[in-house]
Every structure is written in structure tokens, then in C-alpha cells.
Amino acid sequence: MISAVGHLTRLARISLPKLAFTRHLHRHQTLLAGHSKWQNIRHVKALNDGRKAVLFIKLARQIRLAVQAGGPNPAVNNVLRAAIDEALKKNMPNATIQGILKKCTAQSVELKKYTVEIKALDRVNVICVLYTDRFAQLKMEMATILRKNFALFFDTMHAFDERGFIEAIPPPEVTNDQLESVCTDHAIETGAEDIEVMDEGNRLVRFLCEARVVDQVKKELEKLNYSVEHCEQAFFPKSTIKLNADAMLAYEKLKEKLKAMDGVEDIYDNVEIAG
């Protein structure tokens, strides 16, 4: 008997010429679309509303994490200020933001970070980063989604390199002409391995380091009067794979379902993005 995951492995190897029949069916459906114009509009609106809700959940989680890290006052918590600015840019109402801050102050339960390793289609290595206060329940819900989408929990960490980076603005005395040289010296001093000038106009610099020392590098930069805007650990695949159209569609469906789960922060994989 072929397993569910094995079934999609075969799907991933289907040759593209077989898509011609599917394309014919799609044209036939388009001819009938005029009979259900309002239903189609409602479907698109519901899809957009759903994506907006998922985005707002993630933005709210970022605000909550920022409060946990440095307190509820954006005047002294740079990470919180950046999270609020990002939420406003994404059209989150200010009343919603204030409600999140109020709830953070009232609640004592903290979000904890978890990583979950997944194998999809027998070929795709996936790492999900979670921030949640109900990990056991979330993992059970995730297991159901994986089972229905040809995936399972599996050891994939070995297929990725974990790196840390801090995005920060240097103190005013560092001029734009000095930006790269001074920040390089500060990278050596704080334990970072490399720098990248992200935005010269806004003087935003990214410091790259080992994942295990990201918090240490952040604290050392703050001692040098850097304004830290963002701090993160990320997973980079050691090698990538290509998926054909059918397999990519199946994997994107799985990713959308995972992203919609309350608690899923980031998804990393080894799928090569078509250029």
C-alpha cells in the first residue's frame, strides 16, 4: 500500500504535458462564470478578509512579544515601537493596537517559542517557528492538517543552517560616510560575523551572527547606543529542490493552512523559488 506521503511523491514527478486537459476544463468554467458573478466577488472578498485576519493575528503576536521583551511603553521599547509602526502601515486600527497593549498588561501568560520539523511530499523539508502558550493543543491541530495534506512531523533540522541577525540604527555621531567602516568595527567588538547596510538613507544596518549569540550581540549593540529595530533567528536551507506545478500547488495549499494557525510565526523550507 502506498502511503499518503508516497502518493504525493509520485504526484511531484508527474510530467507537465498532462496539464493540457486541466487547462481545457478551466476555460470551460470561465465561460460559466457570468452566471455567478456575485458569488465569485464574495469568494474573492472572503479570501482577502481571511488573509487580512491572518496578518492581523501575526501583527498582534509581534506586539505581544515586544511587550514581553521590553515593556508596554513604545517610548522606551524600540522593538515595540517598530511593531506598532508596522501594524499601522498594514492598516491595523489604532483601537485594536491599544486593545492588544491593554490585554498584554492585564495577562500574565507569556508566549513561548517552539520549532516544529515537518516533511511534506517526501521531498520538502520544513521548519515552523511557533509562539504560543498552548503548544500541545496547537501541535495536535497541526497533525490533523499535515495528515490531510500529505505531510508529517519528521526530523529536518539537519537540512538547515540557523543564523541570527539584528537590524539596528547606529548612534547619531556615526556619519553616513563612516557607516560601513564603523559598523564593521562594532560587529567585531560585539561578536557579530558580518554586516549589511540595508538602507543608507535611514541608516539601517543588519548585523549577522550565530543564532546562539543573537541576544548577546543585541545587548552589546544597545550598549554602544544603537537603536535596535528588529532581532530574529532564521533557518536557511543547505540545498534547495524544484517542484513541478502540481506539487507546488499542493505544497502552497499546505503552507496557507499552516500560516492561518494562531501561533505559527514563520515557515522555512527548501523549495526553490522560481525566478
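Modeller: Before we start, two words: a residue is buried when its relative accessible area is under 20%, and exposed when that area is over 50%. Keep in mind too that this is a predicted model.

Biologist: Okay, let's try those words on a helix. Which exposed residues sit on the face of α8 turned away from its buried side?

Modeller: Start with the buried side, where you'll find V214, V217, K218 and L221. These four cover an arc of only 100° around the axis, so they sit on the same side of α8. Now go round to the face turned away from them, and the exposed residues there are K219 and K223.

Biologist: What about α5? How wide is the arc that its buried residues cover?

Modeller: First, a look at the helix itself: α5 has 13 residues and reaches 19 Å from its first C-alpha to its last, close to the 18 Å expected at 1.5 Å a residue. Its buried residues are I97, I100, L101 and C104. The face turned away from that buried side carries the exposed A95, K102, K103 and A106. As for the buried ones, they share one side of α5 because the arc they cover around the axis is only 95°.

Biologist: Let's do α7 as well. How far apart are its end C-alpha atoms?

Modeller: You can work out what to expect: α7 (residues 179-190) has twelve residues, and at 1.5 Å a residue it should span 16 Å. The model agrees with that, since the end C-alpha atoms of α7 are separated by 16 Å.

Biologist: And which residues are exposed on the other side of α7 from its buried ones?

Modeller: Find the buried ones first: L179, V182, C183, H186, A187 and T190. Looking down the axis of α7, you'd see them fall within an arc of 145°, so they line one face of the helix. On the other side, the exposed residues are E180 and I188.

Biologist: On to the strands. In the hairpin of β5 and β6, which residue takes a positive phi?

Modeller: Strand β5 (residues 194-199) and strand β6 (residues 204-210) pair in the antiparallel sense over five bridges. Follow two of the partners: E196 bridges to R206, and D199 bridges to L204. Between the strands there are four residues, and the one with a positive phi, near 60°, is R203.

Biologist: Strand β4 joins β6 too. What is the bridge partner of I166 in β6?

Modeller: β4 covers residues 160-169, and six bridges join it to β6, with the two running antiparallel. Look along β6 for the residue that I166 bridges to, and you land on F207.

Biologist: What about V271: is it buried or exposed?

Modeller: You'll find V271 in the segment after β8. Its C-alpha is 8.7 Å from that of P237, although the two are 34 residues apart along the chain. The relative accessible area of V271 is 11%, and the limit is 20%, so V271 counts as buried.

Biologist: Now the pockets. Which element gives the most to the lining of the largest pocket?

Modeller: This pocket has a volume of about 1,400 Å³. It is lined by 41 residues, and Q62, V79, H230, C231 and E232 are the closest to its centre. Elements giving two or more residues to that lining include α4 (78-89), β2 (124-132) and β7 (227-237). The top contributor, with nine residues, is α3.

Biologist: How many residues of that lining are charged?

Modeller: Sort the lining of the largest pocket by class and you get 18 nonpolar and seven polar residues. That leaves the charged class, with a count of 16.

Biologist: Last one: which element gives the most to the lining of the second largest pocket?

Modeller: That pocket has a volume of about 380 Å³. Of its 17 lining residues, A60, R61, R64, L111 and D262 lie nearest the centre. Two or more residues come from each of α3, α5 and β2. The one that gives the most, with five residues, is α5.

How values were computed. Residues are numbered from 1 along each chain as its sequence is written. This is a predicted model: local features need pLDDT of at least 70, side-chain atom pairs count only at pLDDT 80 or more; totals for chains, interfaces and linings use all residues. Side-chain values use heavy atoms; hydrogens and water are left out. On a 1 Å grid over the protein atoms alone, a cavity is a set of points where a 1.4 Å probe fits but cannot get out, and a pocket is an open set with protein on both sides within 12 Å along at least five of seven lines; lining residues have an atom within 4 Å of a point. Grid points are joined across faces, edges and corners, and a volume is the space filled by probe spheres set on the points. Ala, Val, Leu, Ile, Met, Phe, Trp, Tyr, Cys and Pro count as nonpolar, Asp, Glu, Lys and Arg as charged, and the others, Gly among them, as polar. Two strands pair if DSSP finds at least two bridges between them. The expected span of a helix is 1.5 Å times one less than its number of residues. Buried means under 20% relative accessible area, exposed over 50%, partly exposed in between (1.4 Å probe, protein chains only). The arc is that of the directions from the helix axis to the C-beta atoms.
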